Amino acid sequence: MKQLRVSVLVGLFAVAGILSWAGARLWDSVGTLPRVPVAAPIVLAVIAVVLAATAFSLRARLRAQRERRPGAKGVDPLLAARAVVFGQASALVAALVAGMYGGVGVFLLIDGLDVAVRRDQAIYAGASVLAGACVVAAAFFLERVCKLPEDDDENGGTTAKAA
C-alpha cells in the first residue's frame, strides 16, 4: 500500500478549485449560483473526528501491545489496513470537496459579499475548506499510527550471512 502524498492532494485541491471557480462563474452568468450546503462542513468535521478517534484508539492499542501489558488487546492487521484505506480515501475525497468549495468561496469573495446570502455561502465554503484540511490531517495521523516499523536490512531478512 502506498502512502498518501501531499503533492497529489494539493493537485486535486487546486484542479477542483479552478474548475469549480470557473463553473461558479459560468453558473452565475446564467443568473443563479449553486448553494453551499450547511451540512458540508459538518459532515467533513464528523469524518475528521472519526478518523482521529480511530487513530487514537489504534495508537493506544498498539502501544499497549508493544509494552506487553497484561490483558492488552492486539490489533488485527486487516483492521489496521482497512483503517488506513478509509483514511486515504477520505483524504482524497476531502481534498476534492475542499477544492470545490474553495473555488466557489473564492468566486464569492471576488464577486462581492454585499448580499447576506452570499456572505453566508462564503462562510460555509470557508468552513468546508477548513474541515477538509482537518480530514487530511487526521488521515495522515492515522496513516502514521498504522505504519509498520522499517526493516533494518534492505532485503527483508533473506540475505545469507557470509562465513
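This is a tour of a predicted model, taken one selection at a time.

**Helix 2**

Start by selecting helix 2, residues 39–66. This helix has 28 residues, and from its first C-alpha to its last it reaches 40 Å, close to the 40 Å expected at 1.5 Å a residue. Colour its buried positions next: Ala-40, Pro-41, Leu-44, Ala-48, Leu-51, Ala-55, Leu-58 and Ala-64. Show the surroundings of these side chains, and the cover over them includes helix 3 and helix 4. Then step past the end of the helix to Arg-68, which follows helix 2 and has a positive phi, near 55°.

**The largest nonpolar core**

Keep helix 2 on screen and add helix 3 (77–111) and helix 4 (116–145); these are the elements that give two or more residues to the largest nonpolar core. That core has 22 residues. Helix 4 supplies the largest share of the core, seven residues. To find the residues with the most contacts inside the core, select Leu-51, Leu-58, Ala-91, Val-135, Leu-142 and Cys-146.

Centre the view on Leu-142. Which residues is Leu-142 in contact with, leaving aside its neighbours within four places in sequence? They are Leu-51, Thr-54, Ala-55, Leu-58, Ala-83, Val-84 and Gly-87. Apart from the largest core lies another, of nine residues, and Ala-40, Tyr-101, Phe-107 and Ala-125 are among them.

**Ser-90**

Now select Ser-90, which is found in helix 3. Is Ser-90 buried or exposed? Its relative accessibility is 10%, so Ser-90 counts as buried. Beyond its neighbours within four places in sequence, Ser-90 is in contact with Ile-47, Leu-51 and Val-135. Two of these names have come up already: Leu-51 and Val-135 are among the residues with the most contacts inside the largest core.

**The aromatic pair**

Show the aromatic rings. The count comes to one aromatic pair. Select Phe-56 and Phe-141: their ring centres are 5.1 Å apart and their planes meet at 55°, so the pair is tilted. The two rings link distant parts of the chain, with Phe-56 in helix 2, Phe-141 in helix 4, and their positions 85 residues apart. Add a surface and look at Phe-56, which is partly exposed, with a relative accessible area of 44%.

**The cysteines**

Next, select Cys-134 and Cys-146. How many disulfides does the structure hold? There are zero. The closest cysteine sulfur to that of Cys-134 is in Cys-146, and at 19 Å it is too far for a bond. Turning to accessibility, Cys-134 counts as partly exposed because its relative value is 39%. Cys-146, at 16%, counts as buried; this residue is also among those with the most contacts inside the largest core.

**The annotated segments**

Finish with the record. In an unreviewed entry, UniProt lists residues 38–58, 79–110 and 122–142 as "transmembrane region". Select 38–58: the chain there is 95% helix and 0% strand, with its end C-alpha atoms 31 Å apart. Then select 79–110, where the chain is 100% helix and 0% strand and the end C-alpha atoms are 46 Å apart.

Key:
Residues are numbered from 1 along each chain as its sequence is written. This is a predicted model: local features need pLDDT of at least 70, side-chain atom pairs count only at pLDDT 80 or more; totals for chains, interfaces and linings use all residues. Side-chain values use heavy atoms; hydrogens and water are left out. A nonpolar core is a set of buried Ala, Val, Leu, Ile, Met, Phe, Trp, Tyr and Cys residues joined through side-chain atoms within 4.5 Å. Buried means under 20% relative accessible area, exposed over 50%, partly exposed in between (1.4 Å probe, protein chains only). Helices (H or I, at least four residues) and strands (E, at least two) are DSSP runs, numbered from the N terminus. Contact means heavy atoms within 4.5 Å. Rings of Phe, Tyr and Trp (its six-membered ring) pair if their centres lie within 6.5 Å; planes under 30 degrees apart count as stacked, over 60 as edge-to-face and the rest as tilted. A disulfide is a pair of cysteine sulfur atoms within 2.5 Å. UniProt positions are given in the numbering used here, feature names are shortened, and annotations may be inferred rather than shown by experiment. The expected span of a helix is 1.5 Å times one less than its number of residues.
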